[in-house]
Amino acid sequence: MTPEIFLFDFDGTLVDSAPDLAAAANHLRLVRNIPPVPYDKLKVTASSGARGLIKAAFDMDPGSPGYEEIVKEFLDYYQDHLADHSGLFPGVQEVLNWFDDNSIVWGVVTNKHERFTYPLIEALRIHPHVVVCGDTLPERKPSPLPLIYATEKVGKDITKGIYCGDDKRDITAANSAECFSIAAQWGYLGKTYPIEEWGADLIMRNPSELIRFQIP
């Protein structure tokens, strides 16, 4: 069956945004005269946003003294530098071009807030048919609501669609929405659960496998 819609997570799935996210976290350390954290340690937390990066860079959790202030500083710096070094993962542009050339509806469902998502989409010069961000609705992933809302906005059926992401919460959301789930092995993956334990319908090694893909 040809899917009615392809939906994607953003950070770690379509876009390699870890360089700018890590740079923002290390900027906060450098202005405090603290040595930077190795990139690889920050990269695996990139899909978790500010919370994951602040934890990796400062070992701080929500509720810690000064946490809200440092998160604001991180987000303000990142907003001004979100497209310095970020780009689409190798092969993604070819997939999106193929979708567009074949009139295939595709979109982005991300937990990243609108103030960061839309400027980065514009900088990357990509044109999703629908975008749902972490602050678009009262609920965000792993809730299935953002996926359902995205497909309804373009008049499609989520149960005949695909959601692809690089984090366990992406697969949880897709499975709860009863759509076909693909785990993006090329992404950040986190470090809590092995990708084989996420419950995805399929694990893909690279984006090019998405071209001409049909739901079994």
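Trainee: Which residue in β7 is the bridge partner of C164?

Mentor: In this predicted model, strand β7 spans residues 180-184 and runs parallel to β6, with 4 bridges joining the two strands. Within that pairing, the residue of β7 that partners C164 is I182.

Trainee: What is the handedness of the β-α-β crossover that leads from β6 to β7?

Mentor: On leaving β6, the chain passes through helix α8, which comprises residues 168-176, before it reaches β7. The crossover formed along this path is right-handed.

Trainee: Which residue of β6 is the bridge partner of I5?

Mentor: Besides its pairing with β7, β6 pairs with β1 in the parallel sense, over 4 bridges. In that pairing, I5 has as its partner in β6 the residue G161.

Trainee: How many of the residues of β6 are buried?

Mentor: Both faces of the strand are covered, since G161, Y163 and G165 are buried on one side, while I162 and C164 are buried on the other. For β6, residues 161-165, the count of buried residues is therefore, with buried meaning under 20% relative accessible area, 5 of 5.

Trainee: Why do the buried residues of helix α5 lie on the same side of α5?

Mentor: The buried residues in α5, which spans residues 92-101, are V92, V95, L96 and F99. What covers them includes the strands β1, β3 and β4. They lie on the same side because the arc they cover around the axis is only 95°.

Trainee: What phi does S103 take, just after α5?

Mentor: S103 follows just after the end of α5, and its phi is positive. The value is about 55°.

Technical notes
Residues are numbered from 1 along each chain as its sequence is written. This is a predicted model: local features need pLDDT of at least 70, side-chain atom pairs count only at pLDDT 80 or more; totals for chains, interfaces and linings use all residues. Side-chain values use heavy atoms; hydrogens and water are left out. Buried means under 20% relative accessible area, exposed over 50%, partly exposed in between (1.4 Å probe, protein chains only). The arc is that of the directions from the helix axis to the C-beta atoms. Contact means heavy atoms within 4.5 Å. Two strands pair if DSSP finds at least two bridges between them. A crossover is right-handed if, with the strands pointing away from the viewer, the path from the first strand over the helix to the second runs clockwise.
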